[in-house]
Amino acid sequence: METDLFLGFGLYAWITIVTVLGMFSILLFTKLRTDVVFMGAVGILFVTGVLDAKEAFSGFSSTSVVVIGVLFVVVAGLTHTGVLQWIVRNLLGQPDSYGKAVVRLMLPVAGLSSFLSNTTVVAMFVNIVKMWSKKLGISPSKLLIPLSYASGMGGVCTLIGTPPNLIISGLYSDMTGTAMNVLATTIPGLFCLAVGVLSIIAMKRLLPDRKAPESDFESTGDYTVELRVPSDNPFIGKTLEEAGLYHIKGGSLIKIFHFDDIPSPVTEDEPLMGGDHLVYAGQIDELYEMAMDHQLVTADHHVFSINEVDMNGKVRTAFVTFGSSLIGRCIAETTFEKDNNLMVAAIARRGSRINEAPRKVVLQAGDTLLLVYPSHIKVDTSSLKNDLHFFDSDDIPNMGVGTLVSTVIMIAMVTLSALGVLPLLQCAFLAAAAMLLCRCCNLEQAMKAINWEIIMVFAGSISLGLAIQKTGIAEQLATGILDVCGTNPIIVMTAVCFVGTFITEFISNTAAGAMFFPIMYQAAEKLGYEPYTFLIALMISVSSSFATPIGSPTHMLVYGPGGYRFSDFLRIGLLMNLIILAANIFIVNIVYPLTPLQ
């Protein structure tokens, strides 16, 4: 038994508190990988003796974590057989009002997110919403926040729709020996979704009307291209006018750097030297043609011959994600272009193109980049997923018989689990095997689909939750909540859910679920009630993060494409948090009335 040191907490409890607070601070203020931070926290708890070896690494053997890993394979089968594309093609249509557009968008997205990864669904729909909004005459920013919200609200409708549901249900099963039904959250989730859709329509004016960042790249006369003069260029020694590089067709020279960082006056009699860095603005096709005629090359690194560079390129757009290693740096200071065999041709920020040399711009989260790749190269965006999110994709699934097969497999998995024929873990394994055997995806695609970083975070979250419970922190916090809120179970449930909703705006909902589980469980038992109702409400609350773009990975996916600002999420998101919290507490207590402990 630990000796109390301060505020009723023992040494191990304080080690846990400091570790958790330190972990949150690192996640908020640094760019370290999330899985590294979580594993580091677990390591500290293990080394200091807070957790023994079995407890520290119990997350890796947790049923819920294994289910999550297997479900990645199931999702790969659905993705590669074009299930998303089929739904988009057949369900979106051409609504004649904003309200109908929101309904036609949010309901299919929520339905898909109940069974698939939220980020997969939103990533797929971002491009579709951009094209759809043009046809409807609506700014994409009016639909992209509802898109992200729908994925979150849909995810809570099943246990497999969002990681916290699996984590909380798995911990509940471990504590009680009773497994939750895969559809336990369906009715409360659908009610909250309906309230959310109606709220979005009613609060239309709170959604910003932003210009889409990539719309600045749609005009062929508005590109910026940076070129370098090779050391063997025949025009070296001549003036810009004599070399034919001052007055050019389809564009103009806006900057010249003789020694990389020293700009020189842009005059027609400025001499040309080997290694010079020229910045042009104009029509990209004609600028490339001029570069070929004058033996200029892309400016990602110094070269000695035009033969070293392929100037024929294909154009793609991407935005800088939150946590990207590129934030706060300019491309010229990195080997990013050289390492990925690409060139940054232009940058837009909050709907406006930055009229500076792109390689000199200090990047921010949400910046949209226009990238040029050599035409003969198939772009592998997987290596860039931590830094950039691409608006388009080279992976085009083939719709056909496999689309139907993968859908049947998913429905069978959910049905067997919901009816209690087989536990969810066995159903997930059978579904994953069926996806591979029926060639809905191949082994390589399945392995690539498994996000090991997410799995590490899930496992670490469970271990941290265990430490919070083992050291008595959960019991102390539960007692403190009861002292403040009294013994009314509805008030206590609301208070914990409110704090959970707020915390999940800044940390992953998985971590919030694992850490608040023991607190909610202890509070319910101290009040003398079965924890089931309390935990269903907790599942919905920790996935209801609407007020900040960092509250959910899906918010990050729409932040750049929508041209949003941080305040855009606050304006509508704070109200949405309160509305969904109220709907959550109301419906959960109707569907699952409080039951006294036996």
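Student: How much area does the protein chain expose, and what share do carbon and sulfur atoms supply?

Tutor: This is a predicted model, in which local features need pLDDT of at least 70, side-chain atom pairs count only at pLDDT 80 or more, and totals for chains, interfaces and linings use all residues. Residues are numbered from 1 along each chain as its sequence is written, and side-chain values use heavy atoms, with hydrogens and water left out. By the Shrake-Rupley method with a 1.4 Å probe, where for residues only the protein chains shown count as cover, the protein chain exposes about 24,900 Å², of which carbon and sulfur atoms supply 61%.

Student: Is Val-47 buried or exposed?

Tutor: Val-47 lies in helix H2, residues 34-47, helices being DSSP runs of H or I with at least four residues, numbered from the N terminus. Buried means under 20% relative accessible area, exposed over 50%, and partly exposed in between, with a 1.4 Å probe and protein chains only. Since the relative accessible area of Val-47 is 70%, Val-47 is exposed.

Student: Which helices do the buried residues of H18 pack against?

Tutor: The buried residues of H18 are Pro-489, Val-492, Met-493, Val-496, Cys-497, Gly-500 and Thr-501. They cover an arc of only 165° around the axis, which puts them on the same side of H18, the arc being that of the directions from the helix axis to the C-beta atoms. With contact meaning heavy atoms within 4.5 Å, these buried residues pack against helices H17 (473-485), H19 (509-527), H20 (532-542) and H22 (566-591).

Technical notes: Helix = DSSP H or I, 4+ residues; strand = E, 2+ residues; numbered from the N terminus.
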